[in-house]
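Open the model in your viewer and keep the selection tool ready. This tour goes stop by stop.

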Amino acid sequence: MSKYNFFKQILKDNYKGEIIEDNKKHKISREVKRLNFLSSKKRNLVLIFCHNEMQSIISYLWTLANNNIAILVNQNLDNDLVENLIKKYSPDIIITKNFKKFKNYNLKKDINKFFYLKKVSSEKNKFFKDLALLLPTSGSTGSPKFVRISYKNLYYNTKDIINYLEIKSSDTTITTLPFSYTYGMSIINTHVFVPGKIVAYNGTVIERRFFDLIKKWKVNSFGGVPLIFEILKKLKLENFDLSSLKYITQAGGPLSTKLIKFFHNSLKKEKIKFITMYGSTEATSRMSYLPTKFNLTKTSSIGKGLQKSFKIIHLNTGKEIKENNKIGELVYFGKNVCLGYSLSTKDLILGDQNKGVLKTGDIGFKDKDNFFYVNGRLDRHVKIYDQRI
């Protein structure tokens, strides 16, 4: 068991974390232990089709609490892509809501309309000792290319986010993003760590039920990508009862300065912080934050690194640019930088290839106050609705 695996606390009888669904509180530890029929002496590779429903989240937590490796994919992945993924990675366990027969897999049990399939003959695969997760790179959920995340990566990124946002065991969050997406996953992780409460909500922010749940369960926070905030502005967020909220976070691509100022001003009246953040799958999740007091004066900045570890690197020489307002590549240094990539099961034995250094591919600069800015890309990709195209 990795020394950085904070999920193992879930297995203790005194673990206080709860998940809320269908107007009922459930003890996370009790629900996780219901999946012990999947246990084996070896570490398992577990393919999870992610839904923002209790049983799906519990499946993820069971996987990591027992030191296994989770492959997280979107619930709507095309059948041909699913077959290719299984061929490339040959997972020991498949957890899905849309049951179908897979060659060499037997159905072990179904719980709350989720199906647990186990491989008939499961060879003993070799995994890097600290490997925890395989996450799809942004916009490539149909590709066999995954980001390899370690338990160490998860530990440090989760701790950084908790410390900055001051998340406490009395706090409650609600799911708004798929947890196959690194941002959505990290929101779950922070509330598992402290531990707090998670409202499992599988709908959208345009539904009245979303706001009813915030009010009923006194939700303290939620996160969103730019599209969500464009929708919330049209819905006139200020007309809903948000009195329980402490803060709302935004990541998954740049939000317009106009919207940042709008939400800052409208939420400030309700004493709710609007916090913009910057991250990537390769950094496990979030890398930086903009303190709310600078929302109006440094609106276009990505802020400062959670570990204060950004540098601007010259595009030709590869040396650090220490002058202010000079353009270069934004490079991140931190313990949350992923191990590397994988294309098939044979890559899962690989160790840390990045050594804590992530070349973001973003072009930017820093100002005189050491706030960082992004104003372009080295490649010809663009992020639309949090998908890289």
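In which sense do strand 5 and strand 7 pair, and over how many bridges? Select strand 5 (residues 93–96) and strand 7 (residues 114–119): they pair in the antiparallel sense over four bridges. Strands pair if DSSP finds at least two bridges between them. Helices (H or I, at least four residues) and strands (E, at least two) are DSSP runs, numbered from the N terminus.

This is a predicted model: local features need pLDDT of at least 70, side-chain atom pairs count only at pLDDT 80 or more, and totals for chains, interfaces and linings use all residues. Residues are numbered from 1 along each chain as its sequence is written, and side-chain values use heavy atoms, leaving out hydrogens and water.

Now pick I93. Its bridge partner in strand 7 is K118.

Widen the selection to the open sheet. Its eight strands run in the order 6-7-5-3-4-8-9-19, with mixed pairing. Strand 6 (105–111) and strand 19 (340–342) are the edge strands, each pairing on one side only.

Next, select helix 6 (residues 208–216). Its buried residues (under 20% relative accessible area, 1.4 Å probe, protein chains only) are F210, F211, L213 and I214. Look down the axis: these residues fall within an arc of 155 degrees (taken from the directions from the helix axis to the C-beta atoms), so they line one face of the helix. The face turned away from that buried side carries R208 and K215, both exposed (over 50%).

What do the buried residues of helix 6 pack against? Show strand 10 (172–174), strand 11 (197–199), strand 12 (221–224) and helix 7 (226–235): these are the packing partners, with contact meaning heavy atoms within 4.5 Å.

Last stop: K218. This residue follows helix 6, and its phi is positive, near 50 degrees.
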